[in-house]
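User: Please take a close look at one loop residue and its setting, and then place that residue within the wider architecture and the confidence of the model.

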Amino acid sequence: MHRFRLIAAIGLFLVATTPAAAHAFELGNILSGYVMAFDYLDISRPLGEIGFAEGSYNDKPWVSHDRAGLRLQLRLAGDITNDVSFDTSINFQYDVAEAVRQPTSSATDGMSFFFKEGFISVRNILDYFDLKVGRQYVFWGKFEWGGALDIVSGWNYAAMSAEKENFRLAVDAVRLWMNFDPVTIELLVIPVFTPNKMPLELPEKAGPSTVVQNDAALPSTSFVNTEVGAKVAFPLGSDGEMALYYFRGFDRTFSMVVEGKPDDAYIPEDLVFTPTYNSLQVAGIDAEYIAGPVMLLFEGAYFHTEDEDGEDIFVKNKHMKLATGFEWEATSKLSVTGLYSYTRLLQYDRNREWHMVKNPGTPDPYVARTNQHKAMYRLRYYPIQELSLQLMQIFNIPDGDFMTLGFVSWEIVSGLKLYTGLVAFRGPNGTTFGRLEEQSRWFTELKYSF
Amino acid sequence: MQRRLFSIPLALMFFAITFGVVYAQEPVHAEAPAPTAIQEPAPSVPEQVAAPVKAPPFSDIVKQLSWKTFHTNLYLDVARKGKSPSRKMMEVYLRHSKTGQDMFMVFKKPSNMKGMTFLAHNNVDLDDDWYMYVRTIRRVKRVPSAADNFMLRDFLSLYLLKPRLELWDYTVDGSVPAEDGKGVWHKYVGMPKTDETTGLTGYGKLMQYVDVEKKVIMKTEFYDKDLKLIRTQMVKKLEQRNGSWLPVEFFTDDIEEGVTAGVTLFDLETDIEVSPKIFTVRYIKNM
């Protein structure tokens, strides 16, 4: 099936790019894209050996190619009329590392294509309405990283790198904007759920029990599971704006349901783990205000989950999240972003959850804190036009886990850009970034845009 | 069978890459030559000469630019000194109204910048609003009105906007022979009307060299707040549209940054019907 889709996509592309089609659609004006050679090195073992990572990864090679290959992205974007436009991006990729990962792997295992983004945009319907239909990124909230309301487009945590489109996931959605100047109302409908992509490797044994991992329990694509949202944005004086949000859908991050949990009287032979995506409702608010060269940002949200009384350990508790920060263009060459966020789990008894989760396989399990504090900063420095350096770190303060993303981008000649840097995670076992330690990578991308 | 299945898509991918590159070549345009190493105009120190024609007030220079709407495509060839330039293509709409000047600018090429859009409301009361649609993050961002913002420095001063009389007080400072040897240029010194001018623009003084006959700015020198020369711009080619002389090729030398840029306008139109919706945040949000 996968192979069929790949060949079908290539076939469609070739049909679309025949000379006749090219002439008819003025393809030179609407076709763009890039060719990129990439190499992602797994550096979790050296980070462990130098003491950066908390875990030890001596069972891994010193450095290995997690992903290495070539990607072609083709983007077709243009205007059909003044008010109707389209934008489509498709990735074709050959990953050499994937093709040789297992003894049974074949060359075709390295081939993939991905419909990255593709939508039709219609503006000025009856003067007041704008519509965007198709696969698109939906970034709610004001912060690029770590905000409370960035809940719609998911993340691919295994693909963190320099460019956002590498690790954010577009959703299949219908968005309708109603413009009643100065108030804008946005309605969002997502018929098909798109979860975060998160690596999950469970041990073979948990104490005396054998670990069994089920496929993820995704919400079915039924009408009742259609995700909906609304946003009302309006000005905040002359230098700011504010928006109110509502979303009813599913958490992009799974909760792990474990069945066969042992008790004092009975130790099960199997422990069955099932990643499960639970429904939630979110009500939120954000605001931004410009004060000289500084943009002040705020987000706050309440998450209403299925855990009505706070006693279901397999469902996230209801919680509220506040985030405040700034973006500061310090000079023409340096920009600084800072964020502090606070999350409070409601109706939550950490001690009780610890006792409920504890089992012979995990005698001291990590359970989330009631009060969570997070800090983030990002520095972007452009010493010369062709070169930029970025460093970003996110810290979960009480747990002591953090992530670092740092890279250099260099435009070697016009259109040819080199990115190289690292994404590294560190933290105690079970914490947000501690769980991702094995995803630490040194990445290099050489990208030619045409 | 496996090998064949593998080789077919690989061959198609190779074909697609080649095809994509070929089709994505920029169209050759009669008015837009391919980028070459940017020739910096030879520096010259004009001698002070007596003005043969009485210098008009600077407001006449602005009035000469009589357009109400303005649309153009342009190539921007940016180079660090000694390096070959990189080319960017943009489409620009301008609108002049009683409240000020609005500018909409969208990158068309290169592809990694395609779709990035800039919207500026430059108001007579100096309460400017600037927005940027950053495609890489799919967001519209308000741009703080700081002088150090690269958009302001690199684009708003590229002779596209009419000179903003609400920012500068201009006085005549004599005349010099034109650098092309044809005629005389009046010199106008522009001093900030208030501290807000320097805050918004980053400049402490402007020196404008104006063609006497055409009443058009041919050269501008930009000084920082310490009155140190940091940038020059020079018009290389003019065209007349609807009675106005408009620069269609110009060159800027950012002395401080060591960067030069050549700008070539093509498909230029003035006083055409432009939908006011283009100059709204709503429009760029739905690019």
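Analyst: A:Arg101 is partly exposed because 15 other C-beta atoms lie within 10 Å, where 20 or more would count as buried, 12 or fewer as exposed and anything in between as partly exposed, with C-beta atoms placed from the backbone. This is a predicted model, in which local features need pLDDT of at least 70 and side-chain atom pairs count only at pLDDT 80 or more, while totals for chains, interfaces and linings use all residues. Residues are numbered from 1 along each chain as its sequence is written, and chains are lettered from A and ligands numbered from 1 in the order in which they are written.

A:Arg101 sits in the loop of chain A between helix 5 (96-99) and strand 4 (111-125), helices (H or I, at least four residues) and strands (E, at least two) being DSSP runs numbered from the N terminus. Its C-alpha is 9.8 Å from that of A:Arg67, although 34 residues separate A:Arg101 and A:Arg67 in sequence.

Turning to the interior, the largest nonpolar core (buried Ala, Val, Leu, Ile, Met, Phe, Trp, Tyr and Cys residues joined through C-beta atoms within 7 Å) has 49 residues, of which A:Val138, A:Val171, A:Val282 and A:Met403 touch the most other members. Several strands of chain A each supply at least two residues of this core, among them strand 8 (171-180), strand 16 (279-291) and strand 22 (401-413), while strand 17 of chain A gives the largest share, five residues. Leaving aside residues up to four places away in sequence, A:Val138 touches A:Val152, A:Ser153, A:Val171, A:Ala173 and A:Leu188, a contact meaning C-beta atoms, placed from the backbone, within 7 Å. A second, separate core of 43 residues includes B:Phe70, B:Met90, B:Tyr159 and B:Phe279.

Chain A also holds an open sheet of four strands in the order 10-11-15-14, with mixed pairing, where two strands pair if DSSP finds at least two bridges between them. Strand 10 (205-206) and strand 14 (255-259) are the edge strands, each pairing on one side only. Strand 10 runs antiparallel to strand 11 (residues 209-213) and is joined to strand 11 by two bridges, with A:Ser209 as the bridge partner of A:Ala206.

As for confidence, the predictor gives the complex an ipTM of 0.76 and a pTM of 0.82. Chain B averages a pLDDT (the predictor's confidence in each residue, from 0 to 100) of 80, and 76% of the residues score at least 70. Over residues 1-6 of chain B, however, the pLDDT is below 50, and this stretch has seven contacts in the model beyond near neighbours in sequence. Where pLDDT is low, the predicted coordinates should not be read in detail.

How values were computed:
Contact = placed C-beta atoms within 7 Å.
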